[in-house]
Amino acid sequence: MSELSLKGSTVLVTGGAGFLGRQMVRSVLDAGCTHVKVFSRDEHKHEQFRKELWKEGGRDRFVRFIIGDVARPDLLKYSLKDVDYLIHAAALKIVPVLQYNPISAIEVNVMGWLGIVKAVLDCQRPMTVVGVSTDKACEPLNTYGKAKALGEDLFINANVYSPSQKFVCVRYGNVIASTSSLVEGLREHHDVPQLTHVDMTRFFIPVSRAVDTVLWAIVMAENDVPGGVIW
């Protein structure tokens, strides 16, 4: 993979105060990014993350925390003024919960992606946008996978409308110790773990691999490699 330099760039991360988002912010700062915008709706997570970055040598001075919801994209549009790269990591992702809450799944995991597309196209600024999807979008059988697959379609199709803006998507599976993951569940219920089925096989990747996948997608988009969804 080509080395990615973000020196002098501005990056916006939706869901940037979440598990993956926090690691993405750290990684883009490591890549030389001088200004990161964290777009997330949870003020408690914002403040918690700010304190973490402050303890890491005052890195919070490079980060602006924006309270916003991708399902309500008006504020997002104003946040794109100087953005060079947008990483869309905001999502609802707990499969059984979304199965019983399809409206919320559509609002965030479909309409949220559509809001990103509209905001980016409207700002008319050259930009690379990466949508973080899931392996469950491949031949989806549940609400979560179907919603994410529609989000991918929206992103890939957006490339038709603006040659100066690049939309790509990444898919990966279960990230070790991520929020609501199996590992987290085993920690909480170590006496009687809650498993979907004892014969189920799970494949895990470390969060560093997930972050590298997103950064690799940016490199591929910058180099005009054909294709839209990247595994």
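Q: Does Arg26 count as buried or exposed in this predicted model?
A: Let's start with the cut-off: a residue is called buried when its relative accessible area is under 20%. Arg26 comes in at 14% relative accessibility. That value falls under the limit, so Arg26 counts as buried.

Q: Which residue meets the side chain of Arg26 in a salt bridge at 2.8 Å, N to O?
A: Arg26 belongs to helix α1, residues 19–30. Its partner sits in the loop between α2 and β3, so the pair ties together parts that are 30 residues apart in sequence. That partner is partly exposed, with a relative accessible area of 31%. The residue is Glu56.

Q: Which residues are linked with Arg26 and Glu56 in a network of salt bridges?
A: The Arg26 and Glu56 side chains meet at 2.8 Å, N to O. This pair belongs to a network of salt bridges. The other members of that network are Asp30, Glu52 and Arg59.

Q: How many residues apart in sequence are the parts that Arg50 and Asp60 tie together?
A: Arg50 forms a salt bridge with Asp60, and their closest N and O atoms are 3.9 Å apart. Arg50 is in helix α2, whereas Asp60 is in the loop between α2 and β3. The pair therefore ties together parts whose separation in sequence is 10 residues.

Q: Is Asp60 buried or exposed?
A: Its salt-bridge partner is Arg50, and Arg50 is partly exposed with a relative accessible area of 28%. For Asp60 the relative accessible area is 16%. Since buried means under 20%, Asp60 is buried.

Q: What is the N to O distance in the salt bridge of Asp135 and Lys136?
A: Asp135 is partly exposed, with a relative accessible area of 27%. Lys136 is partly exposed too, at 25%. The side chains of Asp135 and Lys136 meet in a salt bridge, and the N to O distance is 3.5 Å.

Q: How many salt bridges does the count come to?
A: Among them are Arg26 with Glu56, Arg50 with Asp60, and Asp135 with Lys136. The count comes to 11 salt bridges.

Q: What kind of aromatic pair do Phe49 and Phe65 form?
A: A search of the whole structure finds 3 aromatic pairs. In the pair of Phe49 and Phe65, the rings are 6.1 Å apart, centre to centre, with 90 degrees between the planes. Planes over 60 degrees apart have a name of their own, so this pair is edge-to-face.

Q: Where does Phe65 lie?
A: The pair of Phe49 and Phe65 links distant parts of the chain, 16 residues apart. Phe49 is in helix α2, residues 43–55, and is buried with a relative accessible area of 0%. Phe65 counts as partly exposed at 23% relative accessibility. Phe65 lies in strand β3, residues 63–67.

Q: What is the angle between the planes of Phe155 and Phe167?
A: Phe155 lies in helix α7 (residues 143–158) and Phe167 in strand β6 (residues 165–170), so the pair ties together parts 12 residues apart in sequence. Phe155 is buried, with a relative accessible area of 0%, and Phe167 counts as buried at 1%. Their edge-to-face pair is 5.5 Å centre to centre, and the angle between the planes is 80 degrees.

Q: Which residue forms one aromatic cluster with Phe155 and Phe167?
A: Phe155 and Phe167 form an aromatic pair. One cluster holds both of these rings together with a tryptophan. That residue is Trp113.

Q: Which strand do 5 bridges join to β3?
A: The strand in question runs parallel to β3. One bridge partner in β3 is Val63, which is matched with Val36. This strand, α2 and β3 make a right-handed β-α-β unit. The strand is β2, residues 35–40.

Q: Which residue in the loop between β5 and α7 has a positive phi although it is not a glycine?
A: Gln124, in the loop between α6 and β5, has a positive phi of about 55 degrees and counts as exposed at 66% relative accessibility. In the loop between β5 and α7, the residue has a positive phi of about 45 degrees. The relative accessible area there is 72%, so this residue is exposed. The residue is Glu139.

Definitions and conventions: Residues numbered from 1 in each chain as written. Predicted model: local features only at pLDDT ≥ 70, side-chain atom pairs only at ≥ 80, totals over all residues. Heavy atoms only, no water. Phe/Tyr/Trp six-rings, centres within 6.5 Å; stacked < 30°, edge-to-face > 60°. Helix = DSSP H or I, 4+ residues; strand = E, 2+ residues; numbered from the N terminus. Buried < 20%, exposed > 50% of the residue type's maximum accessible area, 1.4 Å probe, protein only. Salt bridge = Lys/Arg side-chain N within 4 Å of Asp/Glu carboxyl O. Pairing = 2+ DSSP bridges. Right-handed = clockwise from strand over helix to strand, strands pointing away.
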